[in-house]
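Subject: Structure for you to look at

Hi,

Here is the structure I promised. Please open it and keep it in view while you read my notes below.

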Amino acid sequence: TTVHAAFQKAAHYFGLTLDLVPVDTAGRAVAARLVERMGDDVAIVVVSAPSYPFAALDPIGEVAAAAAARGISCHVDACIGGWVLPFWAASAGQDVPPWDFRVDGVTSVSADLHKFGYAPKGASVLLHRGRDRQRAQYFATTRWSGYPVVNPTMLGSKSAGALAASWAIIRALGDAGYEELAGACQRATDAFREVVDGIEGLRVAGEPVGPLFAVATDGSVPEDRRVDPHHWADQVRTHGFLLQLQPSFTQADGSELPHTTHFTITPVTEALLPELSAALRDSADEVRGVPAVSPDDVLAALPAGTLDALQSGTATLDSSTAAALLAGFGLGSADGPAELPERMAPILALVAALPAPVTERLLTELLARLIEP
C-alpha cells in the first residue's frame, strides 16, 4: 500500500489489477504477505527503496528471492533512494541492506535523476537485468508508409535537454560530489529527527531509511499533551515553512496507517536548521492539545442527504455538481474559480473520510478550476 501512486496510474493505463498488500504499522512491507499473494496471475511484484510515505526500506531480498523462485519479475522502485542510498552508508556509517542488482531476483530498478541526482525534471533511469529484458521495452514498427519508428519510451518525441543536463551534472559531481551531498542530507536528517524526538506529543513514524521521514502523533502521552501533525504543519506554515500533509489510510485488512506530516531533506536544508528547528518547536507549543480535525465535523457542511448519495454512488459528479460540493467545503464558489484554504488539515480530513472515487473527482475539479484562465 506504500508503493508510489505511479503504479496505480500504470495499472489504470494497461488494464491491470493492482493488488495493494497491507504493510505493518511501521509502514514496511511484510515479506510473507507479498509471497502468499504470488499466484500464477501476478505479472510483477514491486518493492520500495525506500517508500515515500514512511521512508521504509522494504524486505527486498526476501521478496525478490521468492519472486525468482516463482518466475515473477521483481521491480525495485528506488526513484527517491537510487541516487542517495549508494552513498548513505559511507556518510552515515549505517548498514543499508542491499536493494539493487546485488540482490538475486531483482529484475528492474528505477531511479529519478530529478530527485537526489540533482538534475532537471524529465530524466529518470530504468535499469533492467539483462539486454533481452531491456529490449522488450522498445516499440518498433515498419508497418506504415513513412520512416521506421523505434521508440524506447512511451513518448516518441521529447527534448534531450534534461538528458544533457543530467549527464553534465553527474559528470560535474562525480562520486565525491554525491557523497558530500549525501553527507549534508544525513546530518540534516539526523538533526531534524532529533528535534522531532524532543517535541512532546510527536514521534517519527516507523524506521525511516534515507533523507526523508514522516511525523505522527505520539499516542503514548496524555491527550492534552499530544500534537496533531496536520495542525502542526499548518502552524509551521505561519512561521514561513511549508511541510507536506499526508492523510490517514485504511488498508484492506482494516488496519489504519496514521495521518502524518512528511519531510524530504535536501542538502540546502542543513543551512536552515536553526530557523526551521525553532519553527517546529514553537508551532508544536502553539497547537499542543488541539484535537485532530474530525471528518464528521467537516462533512457536516454538506447539504442534507449529500453524503449518503456520495457514499452510495448515486450522486452525479459533473463539473457543476463537483464545484458546488467544493464550495460547500469552503473551496471557492459553485460558479467561479476554486480557492485553496489557509489551513490544509480540514482538506486532508476529507480525503480520509470520503470514498476514494469521490475524493479523486473533487480533487480533479479543484485543480482544474485553480488553473482555468
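First, a term. Rings of Phe, Tyr and Trp (its six-membered ring) count as a pair if their centres lie within 6.5 Å. Planes over 60 degrees apart make the pair edge-to-face. Bear in mind that this is a predicted model.

Aromatic rings

A search of the whole structure finds 7 aromatic pairs. One of them joins F116 and Y118. Their centres are 6.2 Å apart, and the planes meet at 90 degrees, so the pair is edge-to-face. F116 is buried, at 4% relative accessible area. Y118 is partly exposed, at 26%.

W144 and Y147 form another edge-to-face pair. Here the centres are 5.4 Å apart, with 80 degrees between the planes. W144 is partly exposed, with a relative accessible area of 47%. Y147 has 56%, and exposed means over 50%, so Y147 counts as exposed.

Back to F116 and Y118: which cluster are they in? They belong to one aromatic cluster with W83, F87 and Y178.

The sheet

There is also an open sheet of 4 strands. The order is β1-β2-β3-β4, and the pairing is mixed. Why do β1 and β4 each have one side without a neighbour in the sheet? β1 (44–48) and β4 (124–128) stand at the edges, so each has a single partner strand. On average, neighbouring strands are turned by 20 degrees against each other, direction ignored.

Now look at β2 (residues 73–77) and β3 (residues 108–112). These two strands pair in the parallel sense, over 3 bridges. V76 stands opposite V109 in β3.

Best wishes

Notes. Residues numbered from 1 in each chain as written. Predicted model: local features only at pLDDT ≥ 70, side-chain atom pairs only at ≥ 80, totals over all residues. Heavy atoms only, no water. Pairing = 2+ DSSP bridges. Axes fitted to C-alpha atoms, helices over the stretch in contact; angles between N-to-C directions. Phe/Tyr/Trp six-rings, centres within 6.5 Å; stacked < 30°, edge-to-face > 60°. Buried < 20%, exposed > 50% of the residue type's maximum accessible area, 1.4 Å probe, protein only.
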